[in-house]
Amino acid sequence: HCFLFALFHRKNFVDPVNYFYGAGWGTDEQAVIGVLAHRDATQRKQIRLTYEENYNENLIQRLQSELSGDLERAMYHWVLDPVERQAVMVNTATKCIHKDYAVIVEIACTNSSSELLALLLALVSTYRYNGDEVNDALAKSEAKILHETVTNGDTDHGELIRIVGTRSRAQLNATFSWFRDERGTSITKALQHGADPTGYSHALRTAVRCISDANKYFVKVLRNAMHKSGTDEDSLTRVIVLHAEKDLKGIKDAFQKRASVALEKAIGNNTSGDYKSFLMALLGSGI
């Protein structure tokens, strides 16, 4: 307990574990954000364990009962372990009436093989090579296969799924490059954009975009989430929370380049209140 006090003590803050348990703490959302938004996954887990050990109460459940709205949903995902967080998001996506393939594909295609294995989910069936070595002849050959699959109107996309599901990121980028050079268009544009009752075409386009340029893909997700018609808080939360401890800097840089405005400013203009404060803290936490 003394270790936690030394590790997490901040000016104007008491020991966060005791602080959470104190009467009325839930009304001070800014203090909760101040403690949790600036702690890495290991520290947050230690706070959770110590809180539960000392008070025989689940911290996540307490947060859910005290917070509300977009802040509650964002904080819930943030406090989870990274692997647990992704598993929860995948599970939620599979239970939607219209399954949210994009969420599943994002997680499957932007994690390394070891990270995917840690999820203990059958999202991919092979251990994908993560190195930079490329077989150029294979790339050219499979680019031709992809072209034949697309132009023949093959609706099951068996070959495309095989290639995308087993080749390394470097190998796939070489294949996509060959396809673009030989056919004059990208594989995503070549894929069917019409009726898509199964959602497979959309899922495959998402997979290709995540593999070829994940930062560019997430910039598009963020920009779509902050559309004039309204803000998609779930998408904002998903991208920021999932990437805050991993590769958010690259996404922020790509957003600045594409939108000519800082991601912090864009989100600040489209959110408000404690939810805004929490996202701002994650964007600038440097965890």
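**Close-up views of a predicted model**

**View 1. The largest nonpolar core has 62 residues.** Met75, Leu222, Ile240 and Phe278 touch the most other members of this core. The model shown here is predicted. Domain 1 (113-197) and domain 2 (214-283) both give residues to the core, so it lies between them. Apart from it lies another core, made of eight residues. Met89, Val90, Leu119 and Leu242 are among them. In soluble globular proteins, nonpolar side chains tend to be buried together.

**View 2. Ile240 and its contacts.** Which residues are in contact with Ile240, leaving aside its neighbours within four places in sequence? They are Leu222, Leu248, Leu263, Ile267, Leu279, Leu282 and Leu283. Leu222 and Ile240 both appear in View 1 too, among the residues that touch the most other core members.

**View 3. Cys109 and Cys210 are in no disulfide.** How many disulfides does a search of the whole structure find? The search finds zero. For Cys109, the nearest cysteine sulfur is that of Cys210, 5.5 Å away. A disulfide needs the two sulfur atoms within 2.5 Å, so this pair does not count as one. Is Cys109 buried or exposed? Cys109 counts as buried, because its relative accessibility is 10% and the cut-off for buried is under 20%. Cys210 is buried as well, with a relative accessible area of 0%.

**View 4. Helix 12 meets helix 14.** Two packed helices are described by the angle between their axes and the distance between the axes. Helix 12 spans residues 169-183, and helix 14 spans residues 200-212. Their axes come within 9 Å and cross at roughly 110°. Angles of 65 to 115 degrees count as roughly perpendicular, so helix 12 and helix 14 are roughly perpendicular to each other. Helix 12 makes the contact through Arg169, Leu172, Asn173 and Phe176. Helix 14 brings Val208, Cys210, Ile211 and Ser212. Cys210 is one of the cysteines of View 3.

**View 5. Glu142 sits in helix 10.** This helix covers residues 136-151. Glu142 counts as buried, at 2% relative accessibility. Leaving aside neighbours within four places in sequence, Glu142 is in contact with Arg162, Ile163, Arg167 and Thr175.

**View 6. Pro82 lies in helix 7.** Helix 7 runs over residues 82-95. Pro82 is partly exposed, with a relative accessible area of 32%. Not counting residues up to four places away in sequence, Pro82 touches Ala41 and Glu245. How many residues apart in sequence are Pro82 and His243? They are 161 residues apart, yet 9.7 Å apart in space, C-alpha to C-alpha.

Notes. Residues are numbered from 1 along each chain as its sequence is written. This is a predicted model: local features need pLDDT of at least 70, side-chain atom pairs count only at pLDDT 80 or more; totals for chains, interfaces and linings use all residues. Side-chain values use heavy atoms; hydrogens and water are left out. A nonpolar core is a set of buried Ala, Val, Leu, Ile, Met, Phe, Trp, Tyr and Cys residues joined through side-chain atoms within 4.5 Å. Buried means under 20% relative accessible area, exposed over 50%, partly exposed in between (1.4 Å probe, protein chains only). Domain bounds come from an automatic or database domain assignment. Contact means heavy atoms within 4.5 Å. Axes are lines fitted to C-alpha atoms, for helices over the stretch in contact, and angles run from 0 to 180 degrees between N-to-C directions. Helices (H or I, at least four residues) and strands (E, at least two) are DSSP runs, numbered from the N terminus. Angles under 35 degrees count as roughly parallel, over 145 as roughly antiparallel, 65 to 115 as roughly perpendicular and the rest as oblique.
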